[in-house]
Every structure is written in C-alpha cells, then in structure tokens.
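Thanks for coming. I have one structure to go through today, and I will start with a few of its side chains before turning to the fold.

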Amino acid sequence: MKKNTLQILTKRLTFLFFIAISFTISAQENPEMTPKSEFWKKVQFGGGLGLGFGSGYTNISVSPTAIYNINSYVALGTGVQYSFLKQKGFFSSNIYGASFIALFNPIEEIQLSTEVEQLRVNRTFEGLFSGSENFWNTGLFVGAGYRMDNVTIGARYNLFFKTDNGVYGDAFMPFVRVFF
C-alpha cells in the first residue's frame, strides 16, 4: 500500500473512531442529570461494523445510522458508510458515502423500507490488469422484514442494480437491522 493511501485510510478510520466514541460518551450520560427532550426520545441509533481478514485479504467496514420515529408507523433516517477492501497483489478499494432511509411498520411485526444510497468508489487494480477506476454508485433499495422489538431481519432489492459497474454482486440482499 502506498504511504499516501495509508495516511488517508488512517485519517478516515481515526475520524470514524472519534465519531463512534462521541456516540458512546453521550450514551453514558445520566438521564436524571440531563432530561431528554421530546426530539431525542424519538431518535434511535444503529449501524454496522464489519471486519474480515484472511491470507492477503482485508475487509473493514463501518456504517453508523440514525433514525427519527415520527410515530409508531413511520421512521426516517440517515447514515454514512465507509469500506476498505484489499486483496494483496490483485486490488484495493475505498468506498464511502451516505444513505437516507424511510421505514414503515403497517403492523408491529412487519417493516417495509425504502433506501437511497450514494457511494463513491475508488478502486486500484494491481498485477497483470493494473489501473484504477473512480465512480459514483447510486442504489435505490426496497425491502421488507420481520421485526422483533429493535431487530429486523429481511431482504432488500436494489432497483438501480448494474451488473457491469457496481458495488454489489447481486440486486437482492438479506439484511439485519438493529436500532437502540
């Protein structure tokens, strides 16, 4: 990995680390000392953290999300995402972006979702097919899941899926959502 790329990756991971720490610190406040406003009572945080390591393979992803529950049926939210993927001697990629999500719960156990995701993809290929490509990838997902308290298990489908120039290998993806 080039020194410049390593410095950029280190800065991005440090930034995401401090964001995560700030959420943790604010979550540790004593509720009796600082009463929540009505707005914050309706906000939930969640997201994902992924780490994968293998022989010459590294995959790191961080994707915090926040939603605002308008009522017991509708919630709106936003999230950010960052992924680093490297296969030694083959390629490396940095993917970052944001998403907006709308959740609808027609009954307590069912959750329907619509999500717009905009990602910036920077890939570098090594070896025989060396080169790089940088592009934007937009996804429009519709999904449905079974909801149990703060956990939803389901699947989503990317209506903008492209086989030739995309981030995902398939338009159909399972998911697990957890909000606290």
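**Aromatic pairs and the sheet**

Phe39, Trp40 and Tyr68 form one aromatic cluster. Keep in mind throughout that this is a predicted model.

In total, five aromatic pairs are counted. One of them is Phe39 with Tyr68, a stacked pair with 5.0 Å centre to centre and 20° between the planes. Phe39 belongs to helix H2, residues 38–41, and Tyr68 to strand S2, residues 57–69, so this pair links distant parts of the chain, 29 residues apart. Are these two rings buried or exposed? Phe39 has 42% relative accessibility, so it counts as partly exposed. Tyr68, with a relative accessible area of 27%, is partly exposed as well.

Another pair is Phe141 with Tyr168. The ring centres of Phe141 and Tyr168 are 6.0 Å apart and the planes stand at 80°, which means the pair is edge-to-face, since the cut-off for that is over 60 degrees. Phe141 is in strand S6, residues 131–148, while Tyr168 is in the loop between strand S7 (151–158) and S8; the two are 27 residues apart, and this pair too links distant parts of the chain. Phe141 has a relative accessible area of 1%, so it is buried.

Phe141 has a further neighbour: Arg156 lies over the face of its ring, at 3.7 Å from the ring centre. There is also a charge over Phe175, where the charged end of Arg177 sits 4.0 Å from the ring centre.

Now the fold. The protein chain has two helices and eight strands, and along the sequence the pattern reads α-α-β-β-β-β-β-β-β-β. How are the eight strands ordered in the sheet? The order is S1-S2-S3-S4-S5-S6-S7-S8, in an open sheet with antiparallel pairing. Strand S1 (43–54) and strand S8 (172–178) are the edge strands, each pairing on one side only. From one strand to the next, the twist averages 20°.

For a single pairing, take strand S4, residues 91–107, and strand S5, residues 110–125: these run antiparallel and are joined by 15 bridges. Within that pairing, Phe104 stands opposite Leu112 in S5.

Last, some totals for the chain. Of its 180 residues, 28% are buried. The exposed area is about 11,700 Å², with 63% of it supplied by carbon and sulfur atoms. Of the contacts between residues at least 6 apart in sequence, 45% join residues at least 24 apart.

Methods
Residues numbered from 1 in each chain as written. Predicted model: local features only at pLDDT ≥ 70, side-chain atom pairs only at ≥ 80, totals over all residues. Heavy atoms only, no water. Pairing = 2+ DSSP bridges. Helix = DSSP H or I, 4+ residues; strand = E, 2+ residues; numbered from the N terminus. Axes fitted to C-alpha atoms, helices over the stretch in contact; angles between N-to-C directions. Buried < 20%, exposed > 50% of the residue type's maximum accessible area, 1.4 Å probe, protein only. Contact = heavy atoms within 4.5 Å. Areas by Shrake-Rupley, 256 points an atom, 1.4 Å probe, with all protein chains shown as cover. Phe/Tyr/Trp six-rings, centres within 6.5 Å; stacked < 30°, edge-to-face > 60°. Lys NZ or Arg CZ within 6 Å of the ring centre and 35° of its normal.
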